[in-house]
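Open the model in your viewer and keep the sequence panel visible. The stops below are given as selections, each followed by what is there.

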Amino acid sequence: MISLEHVLVVGALLFSIGLFIALSRRNAVGVLMGIELMLNSVNLNLIGFARFVEAPRPIDGQVFAVFVITVAAAEAAVALALAVAVYRLRQTIDVDRLNLLKW
Amino acid sequence: MEQPAVIVAFYVLAGLTLLSALMVAMVRDLIHAVLFLILSFIGVAGLYVTLSADFVAVVQVLIYAGAISVLMLFAILLTPRSSRDNSSVSYSAPISVVAGLIGATIVYVALNTEWAKTADSSDSPFENTAAEIGKALLDPYVLPFEVASVLLVIAMIGAIILVRPGNEEDAS
(Lines give C-alpha, C1' and ligand atoms only; values in the text may rest on other atoms or scores of the structure.)
Protein backbone atom coordinates (compact mmCIF):
# COMPACT_ATOMS: atom_id res chain seq x y z
CA MET A 1 0.00 0.00 0.00
CA ILE A 2 1.00 3.60 -0.44
CA SER A 3 2.08 5.26 2.76
CA LEU A 4 3.16 8.78 3.61
CA GLU A 5 6.84 7.88 3.48
CA HIS A 6 6.62 6.79 -0.16
CA VAL A 7 5.13 10.14 -1.14
CA LEU A 8 7.76 12.01 0.87
CA VAL A 9 10.63 10.06 -0.74
CA VAL A 10 9.29 10.79 -4.23
CA GLY A 11 8.98 14.45 -3.25
CA ALA A 12 12.54 14.55 -1.89
CA LEU A 13 13.98 12.98 -5.05
CA LEU A 14 12.03 15.40 -7.24
CA PHE A 15 13.23 18.29 -5.08
CA SER A 16 16.89 17.34 -5.39
CA ILE A 17 16.60 16.91 -9.17
CA GLY A 18 14.96 20.35 -9.36
CA LEU A 19 17.66 21.85 -7.13
CA PHE A 20 20.38 20.42 -9.37
CA ILE A 21 18.68 21.82 -12.49
CA ALA A 22 18.11 25.23 -10.91
CA LEU A 23 21.74 25.55 -9.82
CA SER A 24 23.47 24.12 -12.87
CA ARG A 25 21.70 25.49 -15.96
CA ARG A 26 23.27 28.20 -18.06
CA ASN A 27 20.05 29.42 -19.66
CA ALA A 28 17.74 31.45 -17.41
CA VAL A 29 14.69 29.53 -18.66
CA GLY A 30 16.43 26.32 -17.58
CA VAL A 31 16.91 27.75 -14.09
CA LEU A 32 13.21 28.52 -14.01
CA MET A 33 12.41 24.90 -14.99
CA GLY A 34 14.32 23.69 -11.94
CA ILE A 35 12.43 26.09 -9.69
CA GLU A 36 9.10 24.83 -11.05
CA LEU A 37 10.16 21.23 -10.38
CA MET A 38 11.03 22.15 -6.78
CA LEU A 39 7.64 23.84 -6.30
CA ASN A 40 5.99 20.72 -7.71
CA SER A 41 7.74 18.50 -5.19
CA VAL A 42 6.62 20.77 -2.34
CA ASN A 43 3.05 20.53 -3.61
CA LEU A 44 3.35 16.75 -3.76
CA ASN A 45 4.41 16.72 -0.10
CA LEU A 46 1.48 18.96 0.85
CA ILE A 47 -1.01 16.68 -0.91
CA GLY A 48 0.57 13.66 0.77
CA PHE A 49 0.24 15.26 4.20
CA ALA A 50 -3.37 16.21 3.48
CA ARG A 51 -4.11 12.61 2.56
CA PHE A 52 -2.33 10.77 5.37
CA VAL A 53 -1.88 13.05 8.40
CA GLU A 54 -4.48 13.57 11.10
CA ALA A 55 -5.85 17.11 10.97
CA PRO A 56 -8.95 18.94 12.16
CA ARG A 57 -9.74 19.98 8.59
CA PRO A 58 -7.97 17.62 6.18
CA ILE A 59 -8.69 19.73 3.08
CA ASP A 60 -6.24 22.43 4.24
CA GLY A 61 -3.23 20.87 2.54
CA GLN A 62 -4.98 20.89 -0.82
CA VAL A 63 -6.04 24.52 -0.37
CA PHE A 64 -2.43 25.40 0.40
CA ALA A 65 -1.31 23.54 -2.73
CA VAL A 66 -3.75 25.61 -4.79
CA PHE A 67 -2.24 28.79 -3.34
CA VAL A 68 1.28 27.55 -4.13
CA ILE A 69 0.24 26.88 -7.74
CA THR A 70 -1.22 30.41 -7.97
CA VAL A 71 1.95 32.06 -6.69
CA ALA A 72 4.07 29.85 -8.97
CA ALA A 73 2.06 31.01 -11.98
CA ALA A 74 2.58 34.67 -11.05
CA GLU A 75 6.28 34.05 -10.46
CA ALA A 76 6.72 32.27 -13.80
CA ALA A 77 5.00 35.10 -15.70
CA VAL A 78 7.20 37.78 -14.12
CA ALA A 79 10.40 35.73 -14.43
CA LEU A 80 9.88 34.96 -18.11
CA ALA A 81 9.04 38.61 -18.80
CA LEU A 82 12.30 39.52 -17.05
CA ALA A 83 14.16 37.01 -19.23
CA VAL A 84 12.73 38.56 -22.40
CA ALA A 85 13.54 42.09 -21.16
CA VAL A 86 17.11 41.12 -20.28
CA TYR A 87 17.51 39.48 -23.68
CA ARG A 88 16.43 42.72 -25.35
CA LEU A 89 19.09 44.59 -23.42
CA ARG A 90 22.04 42.17 -23.58
CA GLN A 91 21.18 39.72 -26.44
CA THR A 92 21.71 36.81 -24.06
CA ILE A 93 20.03 35.13 -21.12
CA ASP A 94 23.10 33.11 -20.19
CA VAL A 95 23.27 33.59 -16.43
CA ASP A 96 27.08 33.27 -16.48
CA ARG A 97 27.39 36.26 -18.78
CA LEU A 98 24.94 38.48 -16.90
CA ASN A 99 27.62 39.64 -14.49
CA LEU A 100 27.07 43.39 -14.51
CA LEU A 101 26.75 43.47 -10.71
CA LYS A 102 29.74 41.19 -10.14
CA TRP A 103 32.50 42.85 -8.21
CA MET B 1 -7.64 3.40 -2.26
CA GLU B 2 -6.50 -0.10 -1.54
CA GLN B 3 -7.09 -1.46 -5.00
CA PRO B 4 -3.87 -2.88 -6.42
CA ALA B 5 -4.36 -0.80 -9.57
CA VAL B 6 -4.00 2.41 -7.56
CA ILE B 7 -0.78 1.20 -5.96
CA VAL B 8 0.69 0.13 -9.30
CA ALA B 9 -0.40 3.45 -10.81
CA PHE B 10 1.34 5.34 -7.99
CA TYR B 11 4.69 3.65 -8.56
CA VAL B 12 4.47 3.85 -12.36
CA LEU B 13 3.62 7.56 -12.18
CA ALA B 14 6.38 8.20 -9.64
CA GLY B 15 8.89 6.52 -11.95
CA LEU B 16 7.59 8.48 -14.94
CA THR B 17 7.83 11.77 -13.04
CA LEU B 18 11.35 11.19 -11.75
CA LEU B 19 12.63 9.83 -15.08
CA SER B 20 11.31 12.75 -17.07
CA ALA B 21 12.68 15.19 -14.46
CA LEU B 22 16.07 13.53 -14.93
CA MET B 23 15.68 13.82 -18.69
CA VAL B 24 15.11 17.57 -18.24
CA ALA B 25 18.59 17.67 -16.72
CA MET B 26 20.13 15.35 -19.31
CA VAL B 27 18.69 16.31 -22.69
CA ARG B 28 20.66 18.70 -24.85
CA ASP B 29 17.99 20.79 -26.58
CA LEU B 30 16.08 23.29 -24.44
CA ILE B 31 12.82 22.72 -26.34
CA HIS B 32 13.06 19.00 -25.62
CA ALA B 33 13.73 19.84 -21.98
CA VAL B 34 10.44 21.78 -21.83
CA LEU B 35 8.62 18.82 -23.40
CA PHE B 36 10.03 16.47 -20.75
CA LEU B 37 9.07 19.04 -18.12
CA ILE B 38 5.45 18.86 -19.36
CA LEU B 39 5.61 15.06 -19.06
CA SER B 40 6.89 15.42 -15.50
CA PHE B 41 4.07 17.84 -14.62
CA ILE B 42 1.49 15.39 -15.99
CA GLY B 43 3.09 12.62 -13.94
CA VAL B 44 2.74 14.74 -10.80
CA ALA B 45 -0.92 15.36 -11.70
CA GLY B 46 -1.41 11.59 -11.88
CA LEU B 47 0.22 11.24 -8.46
CA TYR B 48 -2.31 13.77 -7.13
CA VAL B 49 -5.13 11.61 -8.49
CA THR B 50 -3.78 8.54 -6.70
CA LEU B 51 -3.62 10.64 -3.51
CA SER B 52 -7.33 11.50 -4.01
CA ALA B 53 -6.78 15.17 -4.79
CA ASP B 54 -8.69 15.36 -8.04
CA PHE B 55 -9.30 19.11 -8.12
CA VAL B 56 -5.62 19.91 -7.56
CA ALA B 57 -4.74 17.44 -10.32
CA VAL B 58 -6.98 19.27 -12.78
CA VAL B 59 -5.50 22.61 -11.69
CA GLN B 60 -2.00 21.16 -12.13
CA VAL B 61 -2.72 20.05 -15.69
CA LEU B 62 -4.33 23.40 -16.56
CA ILE B 63 -1.77 25.75 -14.98
CA TYR B 64 1.52 23.86 -15.11
CA ALA B 65 1.21 21.60 -18.14
CA GLY B 66 -0.88 24.17 -19.99
CA ALA B 67 0.02 27.72 -19.10
CA ILE B 68 3.50 27.72 -17.57
CA SER B 69 5.00 25.35 -20.17
CA VAL B 70 3.58 27.46 -23.00
CA LEU B 71 5.05 30.57 -21.32
CA MET B 72 8.44 28.82 -21.18
CA LEU B 73 8.24 27.82 -24.84
CA PHE B 74 7.38 31.43 -25.73
CA ALA B 75 10.31 32.72 -23.68
CA ILE B 76 12.70 30.31 -25.45
CA LEU B 77 11.36 31.23 -28.89
CA LEU B 78 11.47 34.97 -28.13
CA THR B 79 15.18 34.77 -27.29
CA PRO B 80 16.39 33.30 -30.59
CA ARG B 81 20.03 34.42 -30.59
CA SER B 82 20.74 33.13 -27.12
CA SER B 83 22.10 29.63 -26.83
CA ARG B 84 19.43 27.03 -27.40
CA ASP B 85 21.34 24.18 -25.81
CA ASN B 86 20.55 23.03 -22.32
CA SER B 87 24.18 22.93 -21.22
CA SER B 88 25.17 23.04 -17.59
CA VAL B 89 27.82 25.17 -15.97
CA SER B 90 31.37 23.90 -15.67
CA TYR B 91 31.15 23.26 -11.92
CA SER B 92 28.10 20.98 -12.10
CA ALA B 93 29.76 18.04 -10.31
CA PRO B 94 29.88 19.73 -6.86
CA ILE B 95 26.34 20.99 -7.45
CA SER B 96 25.14 17.42 -8.02
CA VAL B 97 26.90 16.37 -4.80
CA VAL B 98 25.18 19.17 -2.85
CA ALA B 99 21.77 18.36 -4.36
CA GLY B 100 22.25 14.66 -3.59
CA LEU B 101 23.23 15.39 0.00
CA ILE B 102 20.19 17.63 0.52
CA GLY B 103 17.91 15.00 -1.01
CA ALA B 104 19.45 12.28 1.17
CA THR B 105 18.94 14.43 4.27
CA ILE B 106 15.28 14.99 3.42
CA VAL B 107 14.75 11.27 2.78
CA TYR B 108 16.46 10.39 6.09
CA VAL B 109 14.30 12.86 8.05
CA ALA B 110 11.13 11.73 6.27
CA LEU B 111 11.79 8.08 7.08
CA ASN B 112 12.82 8.64 10.70
CA THR B 113 10.07 10.97 11.86
CA GLU B 114 7.00 9.78 13.74
CA TRP B 115 4.27 11.36 11.58
CA ALA B 116 0.85 11.88 13.19
CA LYS B 117 -0.90 9.67 10.67
CA THR B 118 -4.59 8.99 10.63
CA ALA B 119 -5.52 5.76 12.35
CA ASP B 120 -7.20 4.21 9.32
CA SER B 121 -5.38 5.50 6.27
CA SER B 122 -6.75 2.89 3.92
CA ASP B 123 -9.69 5.01 2.82
CA SER B 124 -9.48 8.60 1.73
CA PRO B 125 -10.81 11.34 4.05
CA PHE B 126 -12.23 13.23 1.07
CA GLU B 127 -15.53 12.81 -0.72
CA ASN B 128 -15.44 15.45 -3.45
CA THR B 129 -12.61 17.87 -3.10
CA ALA B 130 -13.79 20.64 -5.44
CA ALA B 131 -16.75 21.59 -3.25
CA GLU B 132 -14.66 21.29 -0.08
CA ILE B 133 -11.88 23.48 -1.49
CA GLY B 134 -14.43 26.05 -2.64
CA LYS B 135 -15.96 26.21 0.82
CA ALA B 136 -12.53 26.47 2.46
CA LEU B 137 -11.48 29.23 0.07
CA LEU B 138 -14.53 31.32 0.82
CA ASP B 139 -14.85 30.70 4.53
CA PRO B 140 -11.56 30.45 6.50
CA TYR B 141 -9.19 31.45 3.70
CA VAL B 142 -11.06 34.36 2.17
CA LEU B 143 -8.32 36.88 2.96
CA PRO B 144 -5.48 34.88 1.31
CA PHE B 145 -7.85 34.25 -1.59
CA GLU B 146 -8.33 37.97 -2.17
CA VAL B 147 -4.61 38.67 -1.70
CA ALA B 148 -3.86 35.99 -4.31
CA SER B 149 -6.16 37.71 -6.79
CA VAL B 150 -4.41 41.04 -6.17
CA LEU B 151 -1.04 39.30 -6.62
CA LEU B 152 -2.15 37.85 -9.96
CA VAL B 153 -3.26 41.27 -11.20
CA ILE B 154 0.06 42.82 -10.11
CA ALA B 155 2.05 40.04 -11.79
CA MET B 156 0.07 40.38 -15.02
CA ILE B 157 0.51 44.16 -15.18
CA GLY B 158 4.19 43.84 -14.27
CA ALA B 159 4.81 41.25 -17.00
CA ILE B 160 3.07 43.43 -19.59
CA ILE B 161 5.07 46.52 -18.57
CA LEU B 162 8.36 44.57 -18.58
CA VAL B 163 8.03 43.24 -22.13
CA ARG B 164 6.29 46.21 -23.74
CA PRO B 165 8.47 47.61 -26.55
CA GLY B 166 9.93 51.03 -25.83
CA ASN B 167 9.13 51.05 -22.15
CA GLU B 168 11.02 54.27 -21.44
CA GLU B 169 8.98 57.41 -20.97
CA ASP B 170 6.64 57.38 -23.94
CA ALA B 171 3.57 56.06 -22.15
CA SER B 172 0.95 58.51 -21.02
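Start on the surface of this predicted model. Select L138(B), V142(B), L143(B), F145(B) and V147(B): together they make a nonpolar surface patch with about 470 Å² of accessible area. Next, colour helix α6 of chain B, residues 142–163, which supplies the largest share of the patch, four residues. V147(B) is in this helix.

Now turn to the aromatic rings. Over all chains, the structure has three aromatic pairs. Select F10(B) and Y11(B) and show the side chains: the ring centres are 5.4 Å apart and the planes stand at 85°, so this pair is edge-to-face. How buried or exposed is F10(B)? F10(B) has a relative accessible area of 1% and is buried, whereas Y11(B), at 38%, is partly exposed.

Move on to F41(B) and Y64(B), a tilted aromatic pair with 4.8 Å from centre to centre and 50° between the planes. Show the backbone as well: F41(B) belongs to helix α2 (residues 30–50) of chain B and Y64(B) to helix α3 (residues 54–77) of chain B, so the pair ties together parts 23 residues apart in sequence. F41(B) is buried, at 1% relative accessibility, and Y64(B) is buried too, at 0%.

For the last stop, go to chain A and select R51(A) and F52(A). What lies over the face of F52(A)? R51(A) does, at 4.7 Å from the ring centre.

Key: Residues numbered from 1 in each chain as written. Chains lettered and ligands numbered in written order. Predicted model: local features only at pLDDT ≥ 70, side-chain atom pairs only at ≥ 80, totals over all residues. Heavy atoms only, no water. Phe/Tyr/Trp six-rings, centres within 6.5 Å; stacked < 30°, edge-to-face > 60°. Buried < 20%, exposed > 50% of the residue type's maximum accessible area, 1.4 Å probe, protein only. Helix = DSSP H or I, 4+ residues; strand = E, 2+ residues; numbered from the N terminus. Lys NZ or Arg CZ within 6 Å of the ring centre and 35° of its normal. Patch = residues over 30% accessible without salt bridge, like charges linked within 9 Å, V, L, I, M, F, W, Y side chains within 5 Å. Areas by Shrake-Rupley, 256 points an atom, 1.4 Å probe, with all protein chains shown as cover. Salt bridge = Lys/Arg side-chain N within 4 Å of Asp/Glu carboxyl O.
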